[in-house]
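Here are my notes for your review. Please read them with the sequence and the coordinates open.

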Amino acid sequence: MFKASSVVFVLYAYLSVVITQYCNQTTTGYYSTVLTCTNGTRYFPPVTESITHLKCLDCNISVLNRETIITKFEGEYFNLSDSHIQVIGEDVFMNFSSNMRAFILENNEISDIAPKVFNGFSILGQINLHNNNISQLPPGVFNGTYTVRLILSNNRIRNIDHMFEGLTVTAVNLSRNEIEEVHEDSFLRTSFRKGREFSDTQFIDLSNNLISKLNAGTFRCSNSDIEGCITILNLKGNLLTRIEDGTFLGSENLRILDLSDNMIAHLSSDSFRGLPNLNELLLRNNRLQKTATGIFGRLQYLDDLDLSQNWLSSLSVSTFTGLYTLETLNISHNALADFNSFHLYPLGQLRTLDISNITVSDLDITSMLKHHVGLKVFIINDNFWECKRLMQIYGEMSAKLAGFHRPSHHFDVPNLHGIACSHNKLDSYKDLSFNDFLSVISKEALNDEWFSSVSIEENTNRTDFLSNKYVSGIYGMMIFVVAVIALVMVFFIVKCVLKCLYENKILENRINLWYAREEESVTVCS
């Protein structure tokens, strides 16, 4: 019995080794050789010719070093994703072709990478280490590395001090890690260069980390060449509570700054000093209750500003002073009950405006459309509209903007094209949320009579508008015809008078009276 068991065990072990070592090498073209390995391969067997493509299915290679790595690999894309790799050893890729384009090592268990392991490749498009177990890497691990994209997202990185020293890169993705602080020298010795495929998008993605504080000058250019600085900085989804003065000093090349989904409650007048070329500023979903006077004054090239989902309770004309080129403004989901169109007077180039759910019950739409002649998209959803007033607003917006833009879908309560409204003005809107408003108007009758009156009023407004337009046109045409007739009559009268004066020799000099030379007399004169 024991002997039979031993035989079974030996046979099982032998089969396991055979299965483990199974790899298939196929040639698919003159220059293309594919190595396909399956079933828990722990290392790659020797190959007879150079490999250009690798497929590793259900592999299990815990340590990737010179003993376990594939030999004679001359492909451009090395993909060992989902292979349970834990360690990348020193000089593991030293025999790879210098024409390598990408190392794709995502969805492994990598926690340790030897220094300078990715050196020697001058045209790398990406190093993808997404979704591994990296918590910290030794200083200078990427020293001398050149790549367009370095992807380290969804790891466990806490400290990035000196990690990127000597790295030349276009984009660094550090999103979804556990980074708590970024020191002022974290990227000081990193060179950001325009990529071959992604020009003008040098960026750092630090979104969804645990960053609670930014030090002044953290993202300043590492050299005097402004073209070698980042243009996009993503700090979305962190724990920031304030932006100190001068935080972004030295970041003159920054074009897009995303500070959404933080807990920012304080901004000073110099929070955005040092960003003269910023085009897009996203402050959505923070805790801002007010903004400092002139805070955006230095952002003279800002095109897009998002202040939605904050705790703002008031605005003033000085809030947007200096934003001469702003085209898109989103102030939705704030408690701006005292919102007035004059708050936006400094924004002469405004094209898109969203004031959804700012707790207003009226709006000077006439003044708004008159002042902002370039306005193309105007979103007014989820406010405390009275149906009759909303109908008037709709009439003016139809004439100028072709109706409502991106309306809500509150069709189960009194509404106009999906925008909720009440039949009558409520007694008070103080401390009322939009959900409370919906609850109140849901008790009002949703009947055809109201819709009929709305339709009649809408048609009446359109008829009046068209009638006034046609009357004005006819009146202008009549004035033009009368003026032409009057000019013709004056011309002939003057002509006749001058001819009579000449015939009677009252005028000595011959005057061209614009009549035919064969005419001998003018019978008009007696």
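The points below cover the basis of the model, a sheet, the aromatic pairs, the core, and the empty spaces.

1. Basis. This is a predicted model, in which local features need pLDDT of at least 70 and side-chain atom pairs count only at pLDDT 80 or more, while totals for chains, interfaces and linings use all residues. Residues are numbered from 1 along each chain as its sequence is written, and side-chain values use heavy atoms, with hydrogens and water left out.

2. A small-print item on elements. Helices (H or I, at least four residues) and strands (E, at least two) are DSSP runs, numbered from the N terminus. Two strands pair if DSSP finds at least two bridges between them.

3. Open sheet. Three strands run in the order β4-β6-β8, with parallel pairing. The edges are β4 (63-64) and β8 (112-113), each of which pairs on one side only. Strand β6 (residues 87-88) meets β8 over 2 bridges, in the parallel sense. Across that pairing, Ile88 stands opposite Ile113 in β8.

4. Aromatic pairs. The whole structure holds 22 of them. Rings of Phe, Tyr and Trp (its six-membered ring) pair if their centres lie within 6.5 Å; planes under 30 degrees apart count as stacked, over 60 as edge-to-face and the rest as tilted. One stacked pair is Phe118 with Phe142, at 6.4 Å centre to centre and 15° between the planes. Phe118 sits in the loop between β8 and β9 (124-128), and Phe142 in the loop between β9 and β10 (146-151), 24 residues apart. Both Phe118 and Phe142 are buried (under 20% relative accessible area; exposed is over 50%, partly exposed in between; 1.4 Å probe, protein chains only).

5. A further stacked pair. Phe384 and Tyr429 stack at 5.4 Å centre to centre, with 10° between the planes. Why does this pair tie together parts that are 45 residues apart in sequence? Phe384 lies in the loop between β24 (377-379) and α3 (387-401), and Tyr429 lies in the loop between β26 (419-420) and α4 (434-441). Phe384 and Tyr429 are both buried.

6. Aromatic cluster. Phe118 and Phe142 belong to one aromatic cluster, whose members also include Phe78, Phe93, Phe164, Phe192 and Phe219.

7. Nonpolar core. A core is a set of buried Ala, Val, Leu, Ile, Met, Phe, Trp, Tyr and Cys residues joined through side-chain atoms within 4.5 Å. The largest has 113 residues; among those touching the most other members are Phe78, Phe93, Phe164, Phe219 and Phe339. Helix α3 gives the largest share, 7 residues.

8. Cavity. Points are taken on a 1 Å grid over the protein atoms alone: a cavity is a set where a 1.4 Å probe fits but cannot get out, and a pocket is an open set with protein on both sides within 12 Å along at least five of seven lines; lining residues have an atom within 4 Å of a point. The structure holds 1 cavity of 30 Å³ or more. The largest cavity encloses about 110 Å³. Its lining has 15 residues, with Phe192, Phe219, Arg220, Cys221 and Ile230 nearest the centre.

9. Second largest pocket. Its volume is about 150 Å³. The lining includes Phe339, Asp362, Phe384, Tyr429 and Lys430. Phe384 and Tyr429 are thus worth viewing here again, as the stacked pair.

Methods: Points joined across faces, edges and corners; volume = space filled by probe spheres on them.
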